[in-house]
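This report examines a helix, a set of charged pairs and a cysteine link. The sequence and the structure are shown below.

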Amino acid sequence: MSETEGNAGAGGKRMRVILAALPLAIFVGLALIFWTQLTSGRSTSEIPSALIGTKAPYRDLEPLAGAIRNGAPVPALTTETGKGKLTLVNFWASWCVPCRQEHPIILALSQDPRLNVVGVNYKDRAEGALGFLGELGNPFSAIGLDPVGKMAIDWGVYGIPESYLVGPDGTILYKRVGPFDDRSLKEGLFPAIEKALGTPAQAG
């Protein structure tokens, strides 16, 4: 075997080793990225929304027929619902266990006269939604049905429950992924309300 052939053979062997090791190197790199994300201490609830600071993409949705609040039928959520009001838009469903856990907080928030609380019923059955509100109470001044999740896509919903604070001018000010708790209220929603209104928020 000539020196040239030997060098070519050695070069081909090295290339085969590199190609064989490449998938493993890619896997290790991706694993390190995922591990960094998991151990960074950040939760999905802290992921900022690209829509914050932009106009809320409201839709004209169908009403939840039969929904009652304060003895009156609850209107549908439309593009006009939040105009001129500081509005909390809550995506929820009767099949969502965290929604049930969060619901007392949403009820309490609906008692703040400065805050307009509306609901988007996500991929749910009407009878299930009505049963949920009948059992736990209805905090929503308007409810829209989103049976296939079109509005949820527009809003960039990760998973429910998910809530957005929208200013009187229609600008999205704050986003919460997952159910509210004491910490997210004190460190997230209440400061956002205070900033929007220039006054202390009521804790309900």
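Helices are DSSP runs of H or I with at least four residues, and they are numbered from the N terminus. The model discussed here is predicted.

## Salt bridges

The structure contains eight salt bridges. As a general matter, side chains of opposite charge can pair when their charged atoms come close. One of the eight lies in helix α5, where the side chains of R183 and E187 meet at 3.2 Å, N to O. Because R183 and E187 are four residues apart in this helix, about one helical turn separates them. R183 is exposed, and E187 is exposed as well.

A further salt bridge is formed by the side chains of K175 and E162, with 3.4 Å from N to O. This pair links distant parts of the chain, for K175 belongs to strand β7 (residues 172–177) and E162 to strand β6, 13 residues apart. K175 has a relative accessible area of 7% and is therefore buried, given that buried means under 20%. E162 also counts as buried, because its relative accessibility is 0%.

R125 and E127 form another salt bridge, in which the closest N and O atoms are 2.9 Å apart. The relative accessible area of E127 is 53%, so this residue is exposed; the cut-off for exposed is over 50%.

## Helix α2

Helix α2 comprises 13 residues, 97–109. At 1.5 Å a residue, the helix should span 18 Å, and this agrees with the 19 Å between its end C-alpha atoms. A bend of about 45 degrees occurs in α2 at H103, and the proline P104 follows within four residues.

Which residues of α2 are buried? They are C99, E102, H103, I105, I106 and L109. H103 is thus both a buried residue and the site of the bend. The elements that cover the buried residues of α2 include the strands β3 (87–92), β4 (116–122) and β6 (162–166), together with the helices α3 (126–136) and α5 (182–197).

## The disulfide

The structure holds one disulfide. In general terms, a disulfide is a covalent bond between the sulfur atoms of two cysteines. Here C96 is joined to C99, with an S to S distance of 2.4 Å. The link of C96 and C99 is right-handed, with 85 degrees about the S-S bond. Both cysteines, C96 and C99, are buried.

Terms used:
Residues are numbered from 1 along each chain as its sequence is written. This is a predicted model: local features need pLDDT of at least 70, side-chain atom pairs count only at pLDDT 80 or more; totals for chains, interfaces and linings use all residues. Side-chain values use heavy atoms; hydrogens and water are left out. Helices (H or I, at least four residues) and strands (E, at least two) are DSSP runs, numbered from the N terminus. The expected span of a helix is 1.5 Å times one less than its number of residues. The bend at a residue is the angle between axes fitted to the seven residues ending there and the seven starting there. Buried means under 20% relative accessible area, exposed over 50%, partly exposed in between (1.4 Å probe, protein chains only). Contact means heavy atoms within 4.5 Å. A salt bridge is a side-chain nitrogen of Lys or Arg within 4 Å of a carboxyl oxygen of Asp or Glu. A disulfide is a pair of cysteine sulfur atoms within 2.5 Å.
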